[in-house]
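Please open the structure in a viewer and keep a selection tool at hand. The tour below proceeds from one selection to the next.

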Amino acid sequence: MGQLQHHLLIATPAMDDPFFQRSVIYLCEHDDDGAMGLLLNRMTDTSIAELVSKMNFMMADDRRVEPNSVVLLGGPVNLDKGFVLHSKCIPPFERSEAISPDIWLTSSLDVLETLGRPNAPEHYLVAIGCCSWSAGQLEDELRHNMWLVAPCDERILFDIPYGQRWQSAVALLGISPDDLSQEGGRA
């Protein structure tokens with residue numbers, strides 16, 4: 001197990017859950033107990049600048065947070081928790097875990113204190129909630145052709161506009177979204 005950690009799940013036309021149609025998920029964890037990931041292309045109405053301001057971290061400083069960067073809806077589970085997926089920082093934050101040598105996931109507030117400052121991670125995204133699967137559930141969904149799997153491309157995590165991430169993820173597989181079919185096959 002664990003072979004899908006640091007990969008992208010790309011919803012296929014066979015995905016029958018409207019919440020996940022045309023979605024892209026970055027898998028942060030995959031083991032015998034299940035999987036956990038963050039949706040990369042579902043936006044909330046809250047900008048990162050607003051979030052940081054509401055958290056009272058911008059009181060009298062001159063942070064520079066991209067005005068068009070928004071908090072993502074990371075998934076329908078744990079909506080009371082926030083996650084920051086980011087490039088590696090030294091030293092790591094209080095509750096940081098390495099997903100790959102270059103990508104880390106942090107769930108402690110100390111990462112938010114750095115956003116917009118020189119000591120912030122070079123690349124980051126902020127999400128509320130996550131996606132999770134129980135043991136064997138993701139594998140079952142893969143067998144039913146609900147997802148395609150692609151190696152992670154950091155441009156999709158941090159650079160591609162939110163509305164273009166699904167198409168860009170499909171393109172990683174060398175195909176066009178028009179090539180996808182509702183029906184899957186097995187050899």
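Does Trp 147 count as buried or exposed? This is a predicted model, and in it Trp 147 has a relative accessibility of 4%. The cut-off for a buried residue is under 20%, so Trp 147 counts as buried.

**First stop: the aromatic residues**

Keep Trp 147 selected and add Phe 19, Phe 20 and Trp 133; these four residues form one aromatic cluster. The structure holds three aromatic pairs. For one of them, display the rings of Phe 20 and Trp 147: their centres are 6.0 Å apart and their planes stand at 75°, so the pair is edge-to-face. Phe 20 belongs to the loop between β1 (7-11) and β2, whereas Trp 147 belongs to strand β10 (residues 147-151); the pair therefore ties together parts that are 127 residues apart in sequence. Phe 20 has a relative accessibility of 13% and so counts as buried.

Turn next to Trp 133 and Trp 147. The centres of these two rings are 6.4 Å apart and the planes are at 80°, so this pair is also edge-to-face. Trp 133 lies in strand β9 and Trp 147 in strand β10, and the pair links distant parts of the chain, 14 residues apart. Both Trp 133 and Trp 147 are buried.

**Second stop: strand β3 and its partners**

Select residues 34-39, which make up strand β3. How many residues of strand β3 are buried? Six of the six are, so the strand is largely enclosed by the rest of the structure.

Add strand β2 (residues 24-31), which runs antiparallel to β3 and is joined to β3 by six bridges. The two strands form a hairpin, with two residues between them. To find one of the bridges, select Asp 31, whose partner in β3 is Gly 34.

Which strand is joined to β3 by four bridges? Strand β9 (residues 124-134) is, and β3 and β9 run antiparallel. Gly 34 again serves as a landmark, as this residue stands opposite Ser 134 in β9.

**Third stop: the largest pocket**

Display the largest pocket, which has a volume of about 420 Å³. Of the 22 residues that line this pocket, Glu 66, Ser 69, Tyr 124, Phe 158 and Tyr 162 are the closest to its centre. The elements that give two or more residues to this lining are β9 and α4 (154-158). The largest share, three residues, comes from β9. When the lining of the largest pocket is coloured by residue class, 12 residues are nonpolar, four are polar and six are charged.

**Fourth stop: the second largest pocket**

Move to the second largest pocket, with a volume of about 210 Å³. Its lining consists of 17 residues, and those nearest its centre are Lys 81, Gly 82, Phe 83, Leu 109 and Leu 112. Which element gives the most to the lining of the second largest pocket? Strand β6 does, with six residues. β6 (77-87), α2 (110-114) and β9 each supply at least two residues of this lining. By class, the lining of the second largest pocket divides into 11 nonpolar, four polar and two charged residues.

**Final selection**

To close, select β9 alone. This strand carries Trp 133, is joined to β3 by four bridges, gives three residues to the lining of the largest pocket and supplies at least two to that of the second largest pocket.

Terms used. Residues numbered from 1 in each chain as written. Predicted model: local features only at pLDDT ≥ 70, side-chain atom pairs only at ≥ 80, totals over all residues. Heavy atoms only, no water. Buried < 20%, exposed > 50% of the residue type's maximum accessible area, 1.4 Å probe, protein only. Pairing = 2+ DSSP bridges. 1 Å grid on protein atoms, 1.4 Å probe; cavity = no way out; pocket = protein on both sides within 12 Å on 5 of 7 lines; lining within 4 Å. Points joined across faces, edges and corners; volume = space filled by probe spheres on them. Nonpolar A, V, L, I, M, F, W, Y, C, P; charged D, E, K, R; others polar. Phe/Tyr/Trp six-rings, centres within 6.5 Å; stacked < 30°, edge-to-face > 60°.
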